[in-house]
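Hi everyone, thanks for making time this morning. I'd like to walk you through one model, so please keep the sequence and the structure in view while I talk.

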Amino acid sequence: MNNFTDYEEDYQDGTGTRLGSGWSWSSCFRGSGRGTWSYHRVRMTQPHVEDRREGPGGACRTCINITKWMPVLFICTVISWSYYAFVIQLCIFAMRQLWAQILSMAIYHVALVLFLWSYWQTIFTTSSRVPRKFRMPPNVMERLENARSETELTEVLEEFVRTQQLPVQTRAHISQIRYCEKCHIIKPDRAHHCSVCGYCVLKMDHHCPWVNNCVCFDNYKFFILFLAYAFMYCVVIFVISFPYFIDFWRGGWDAPMQGRFHILFVFFVAAMFAISLCSLLGYHCYLVTRNRSTLESFRSPIFRNGPDKKGFNLGTFNNFTEVFGEDKTKWFLPIFTSLGDGISFPTRHNWGTLNGNYNSLDTADSTPISGRSPDHCVEVKVEARTEPESSTLQQHNLNNAGSGDRNGITSPQKDTPLVYF
């Protein structure tokens, strides 16, 4: 299951070259051409004539959408067959003791319900879109298009972020704010553009073909529980069917040949999936304790002071509660309890001043670009201020004494507002 689909993160690197430019299968699937561009251009390439004939609703697009569901259909088929092999062939036909049948089926069905519940939530939880206030209007896009240097481009982006009071801390590189050429938005922290979904996803981890969905802020807890309960499901089948495998090996099993085939095969399939799920679950548990996404584990988030792989690490317990929430009774249920709004995140540098408050963004204008309002972005407030903390302020006043500042007191980072959660 450890297959990650290609994604488009940033469209400019430190040298001003577009990443991933040129033709690719993903661009063919999306039905849009992709040409090269310089770091100060944001022109959209016009689709090819043959791409227009297909269109988003064409036969090609329909076939591709059907193909995307093949891995999910495969998993559902395996689950259905394993139910028949375990419940019918093993528990009903092979087991002789009534108490063993009842106990085995009770444990199995508990694992199955939790497994299917979390799998359903992972598949059908739609990722929330970026709020409208992050979208750059046509006049800003025109200024970006007409920018003649990287410095001018950076100034336009900084001005828009400052005007909108957007709580962004990460950068495409040290000086430039991250923005999406295709969506025409400023990328919130930890958001990335998914080439499969076709839009920017909040706190994107990866696009998983086995759930035909982006694993992101909205369903990351569900994905972890899906891996955990899938592993538990396989372990339950493996442990209960293991004695019957031993009897078959010793030649003391007198079950019909058809029943033997199903039981032995489900034993080996459960063992195979359990091994692969164990490694994947362990890897994501490690990422949760480090407050790191899969993308961030391969490429560290960049702040004003440079790349910092531990930038969002708040400590093991705080990292865990950010994903699973503060209500311990719901930690292991596929119910959304993650903290925050998926737009802005505390860092290890400002966590001490936030007092554990994840409320970050004023949602008065947080209607997503898609028009669907996320149900978890409610009653969230912001306090955007330009005053530094008192210790920093006193030091700054000493450094600027007699410098001719017209206000006498200024922020050391005047161009970017400080956002308090």
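**Helices, cores and a few loops**

Let me begin with the record: an unreviewed UniProt entry places the feature "transmembrane region" at residues 72–95, 101–120, 222–246 and 261–283. Please keep in mind that what you see is a predicted model.

How do the spans in that annotation look in the model? Residues 72–95 come out as 96% helix and 0% strand, and the C-alpha atoms at the two ends lie 32 Å apart. For residues 101–120 the figures are 100% helix and 0% strand, with the end C-alpha atoms 28 Å apart.

Now the overall picture. The protein chain has 13 helices and ten strands. It runs to 421 residues, and 48% of them count as buried. If you take the contacts between residues at least 6 apart in sequence, 64% join residues at least 24 apart.

On to the interior. How many residues does the largest nonpolar core have? There are 54, and the ones with the most contacts inside this core are Phe-86, Leu-90, Tyr-108, Tyr-220 and Phe-226. Helices α4 (70–94), α5 (98–124), α8 (220–250), α9 (257–290) and α11 (316–324) each supply at least two of its residues. The largest share comes from α8, with 15 residues.

If you'd like one residue to click on here, take Leu-90. Leaving aside residues up to four places away in sequence, Leu-90 touches Ala-85, Met-95, Ile-240, Ser-241, Tyr-244 and Ile-263. Apart from this core lies another one, of 35 residues, and among them are Met-136, Tyr-179, Cys-183 and Phe-303.

Next, helix α7. This helix covers residues 150–164, so to speak a plain example: its 15 residues reach 21 Å from first C-alpha to last, close to the 21 Å expected at 1.5 Å a residue. Its buried residues are Leu-153, Thr-154, Val-156, Leu-157, Glu-158, Phe-160 and Val-161. What covers them includes α6 (138–146), β1 (179–180) and β2 (185–186). Right after α7 comes Gln-165, with a positive phi near 55°.

Carry on along the chain and you reach Thr-170, in the loop between α7 and β1. Is Thr-170 buried or exposed? Its relative accessibility is 5%, so Thr-170 counts as buried. The side chain of Thr-170 makes two polar contacts I'd like to show you: one with the side chain of Arg-178 at 3.4 Å, and one with the side chain of Asp-189 at 3.0 Å. Beyond residues up to four places away in sequence, Thr-170 touches Arg-178, Asp-189, Arg-190, Pro-301, Ile-302, Phe-303 and Phe-312. You may remember Phe-303 from the core of 35 residues.

A little further on, between β1 and β2, the loop holds His-184. This residue has a positive phi of about 60° although it is not a glycine. His-184 counts as partly exposed, because its relative accessibility is 22%. Asn-291, in the loop between α9 and α10 (294–298), also has a positive phi, of about 55°, and is not a glycine either. Asn-291, however, is buried, because its relative accessible area is 5%.

Now for the cysteines. The structure holds zero disulfides. Why does Cys-194 not form one with Cys-214? Cys-214 holds the closest cysteine sulfur, but it is 3.3 Å from the sulfur of Cys-194, so the pair is too far apart for a bond. Cys-194 counts as buried, because its relative accessibility is 0%. Cys-91 is buried as well, with a relative accessible area of 0%.

Cys-214 leads us to my last stop, Asn-219, which is found in the loop between β6 (213–215) and α8. Asn-219 is buried, because its relative accessible area is 0%. Its side chain reaches the backbone oxygen of Cys-214 at 3.0 Å. Which residue 94 places away along the chain should you look at next to it? That is Thr-125: the C-alpha atoms of Asn-219 and Thr-125 are separated by 6.2 Å. Setting aside residues up to four places away in sequence, Asn-219 touches Gln-121, Thr-122, Thr-125, Asn-213 and Cys-214.

That's my tour. Thanks for listening, and I'm happy to go back to any of these spots.

Note on methods. Residues numbered from 1 in each chain as written. Predicted model: local features only at pLDDT ≥ 70, side-chain atom pairs only at ≥ 80, totals over all residues. Heavy atoms only, no water. Helix = DSSP H or I, 4+ residues; strand = E, 2+ residues; numbered from the N terminus. Expected span 1.5 Å × (residues − 1). Buried < 20%, exposed > 50% of the residue type's maximum accessible area, 1.4 Å probe, protein only. Contact = heavy atoms within 4.5 Å. Polar contact = N/O pair within 3.5 Å; in protein donor to acceptor, adjacent residues only side chain to side chain. Core = buried A, V, L, I, M, F, W, Y, C linked by side-chain atoms within 4.5 Å. Disulfide = S-S within 2.5 Å. UniProt positions renumbered as here; feature names shortened; annotations may be inferred.
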